[in-house]
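User: Please take a close look at one part of this model, the cysteines and the loops and helices around them, and set it in the context of the whole chain.

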Amino acid sequence: MKFRWDKKYLYWGVTALLVVIGGISFYYLIFQGSSLKNNLLGLLSIIMPIVDGLVLAYLLWPIVSFLERRLLYPAKDMLTARFPAWKKRESKLKKYCRGISILLTVVFVLFVLTGFFRFVIPQLAFSVQSIVSQFDVYVSNLTGWLQEILANNPDIEKMVNDAIKTYYPKLEDWMSHLIPQMNNLVKTVSLSMIGVARALWNLVIGLIISIYLLGNKERFLNQLKKMTYAFLTPQAANSLISDARLIDRTFGGFINGKILDSVIIGIICFFCVSIMKLPYPMLISVIIGVTNIIPFFGPFIGAVPCAFLILMVNPWQCLYFIIFVFILQQFDGNFLGPKILGNSTGLSGFWVIFSITLFSGLMGVAGMILGVPVFAVFYSLMRRKINNNLEQKGMPTDSAQYANIHQVDVETMELIKQPEGNPSHEEAAWNWKHLFARSGKAKKQDREESEK
């Protein structure tokens, strides 16, 4: 008897295979999670140079594109207009423009890094050494200032003394446990230096990879689009490519804009702190600039350690610094930030705080930096999906049009407002209160009648 092939056997076989693979994956995830994590970390360490190259190429592309389109392409057009024979070499000229723009970008980045390690790092090291060498003097100054304040305020003095009595034994216990751990700390620092050297080596390889990626950006993107249309339906491929553009516009615009904004804020802070003659201007500016990358909470996170450093030197200068940071934050939030970033995230203040709180709990400091753009991408994709579904149903996409609606007509998809006879929430609440008040009065009347 001849066997007749049926497609349902293929579907059953594929389904059974997927079930087995899912079961094995679930088993390893639950019972072999640590080994799986170690394998993933080992794989990540192997491909880290490629990851560094992708990240560097993504961050450097705006500079390359700016130089290419605003500087080199106009020069190319001028040359081809002056020498018409060069128009036949249009493709080669574009390659030359790309190569020159990449070279100028790499030179610019190396120049910035050289200046940072030559001028900023020594200043930071000098500031840290100065803090360590004069720490006793700063502590005595701060103690004298506190004693002067507490002498005139006995209530505050009592509260501070009680806090010292409560927390000083805990501090002593912590210090007693910390000192024996110093040897382990030295070993950890030594191992971290090896890790830093390895990271620098991966960064050098990543820079070479990024140069190759920048030079062949269009070819790689064309290959990715080709693969997308080969394995997906045209509708799914169009949607995926559109989502990728949205992610690039939202995530890349925020990251690059925030880095530029933080660099400008750090430079402004350095000049203003130097003019105000506050201590450790370079250290304070670096802290303020780096923490400014964190949205919303960044300026306040950076201001706390800086204010404490200045407080140990001069309390009145600490007050001036706090006022300056508040003014700088207002300038950044209301003028500089919107000019650079625009509305790249499209998030309200509530969602910014929500994303920072959520991702900081999941990923720590990295989550505080990346939480807003990641959540902005998710928010934008969901908003576009919702709007597309509503448009397909013939319903409006403006949220304001859904105010006070009672229901939607299934046939015409028209929004039906709440009838005027139905009470609003305020009226309903008032009716309930009035009902309870009347019931209370009725009970009181019943009690009075029963007593009579």
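Analyst: A disulfide is counted here when a pair of cysteine sulfur atoms lies within 2.5 Å. In this predicted model, the structure holds zero disulfides by that criterion. For Cys269 the reason can be given in terms of distance: the closest cysteine sulfur, which belongs to Cys306, is 7.2 Å from the sulfur of Cys269, and this is too far for a bond. Cys269 is buried, because its relative accessibility is 0%, and the cut-off for that class is under 20% relative accessible area. Cys318 is also classed as buried, with a relative accessible area of 8%.

Beside Cys318 in the numbering is Gln317, which is placed in helix H12, residues 315-341. Gln317 has a relative accessible area of 18% and therefore counts as buried, the limit being under 20%. The side chain of Gln317 reaches the backbone oxygen of Lys277 at a distance of 3.5 Å. When neighbours within four places in sequence are left aside, the contacts of Gln317 are with Lys277, Leu278, Pro279 and Ile310.

Lys277, the partner in that polar contact, is found in the loop between helix H9 (234-275) and H10. Its phi is near 60°, a positive value in a residue other than glycine. Most residues other than glycine have a negative phi. Lys277 counts as exposed because its relative accessibility is 68%, whereas Gln317, whose side chain reaches the backbone oxygen of Lys277, is buried at 18%.

Tyr280 is placed in the loop between H9 and H10 as well, and it too has a positive phi for a residue other than glycine, with a value near 55°. Tyr280 is buried, however, with a relative accessible area of 10%. This loop thus holds both Lys277 and Tyr280, of which Lys277 is exposed and Tyr280 is buried.

The loop that follows H10 can be read in a similar way. Asn292 is found between helix H10 (281-291) and helix H11 (298-313), and at 3% relative accessibility Asn292 counts as buried. Apart from its neighbours within four places in sequence, Asn292 is in contact with Lys258, Asp261, Ser262, Ile265, Pro299 and Asp332. Given the residue ranges, Lys258, Asp261, Ser262 and Ile265 fall within H9 (234-275), Pro299 falls within H11 (298-313), and Asp332 falls within H12 (315-341).

As for the whole chain, the protein has 15 helices and two strands. Buried residues make up 23% of its 452 residues, and residues 24 or more positions apart account for 61% of the contacts with a separation of 6 or more. The exposed area of the protein is about 32,900 Å², of which carbon and sulfur atoms supply 68%.

One part of that surface offers a contrast to the buried cysteines. Leu41, Leu43, Leu44, Ile46, Ile47, Ile50 and Leu54 make a nonpolar surface patch of about 640 Å². The elements that give two or more residues to this patch are helix H2 (33-46) and helix H3 (48-82), and H2 gives the most, with four residues. Leu43 lies in H2 and counts as partly exposed, because its relative accessibility is 46%.

Conventions. Residues numbered from 1 in each chain as written. Predicted model: local features only at pLDDT ≥ 70, side-chain atom pairs only at ≥ 80, totals over all residues. Heavy atoms only, no water. Buried < 20%, exposed > 50% of the residue type's maximum accessible area, 1.4 Å probe, protein only. Contact = heavy atoms within 4.5 Å. Areas by Shrake-Rupley, 256 points an atom, 1.4 Å probe, with all protein chains shown as cover. Patch = residues over 30% accessible without salt bridge, like charges linked within 9 Å, V, L, I, M, F, W, Y side chains within 5 Å. Salt bridge = Lys/Arg side-chain N within 4 Å of Asp/Glu carboxyl O. Polar contact = N/O pair within 3.5 Å; in protein donor to acceptor, adjacent residues only side chain to side chain.
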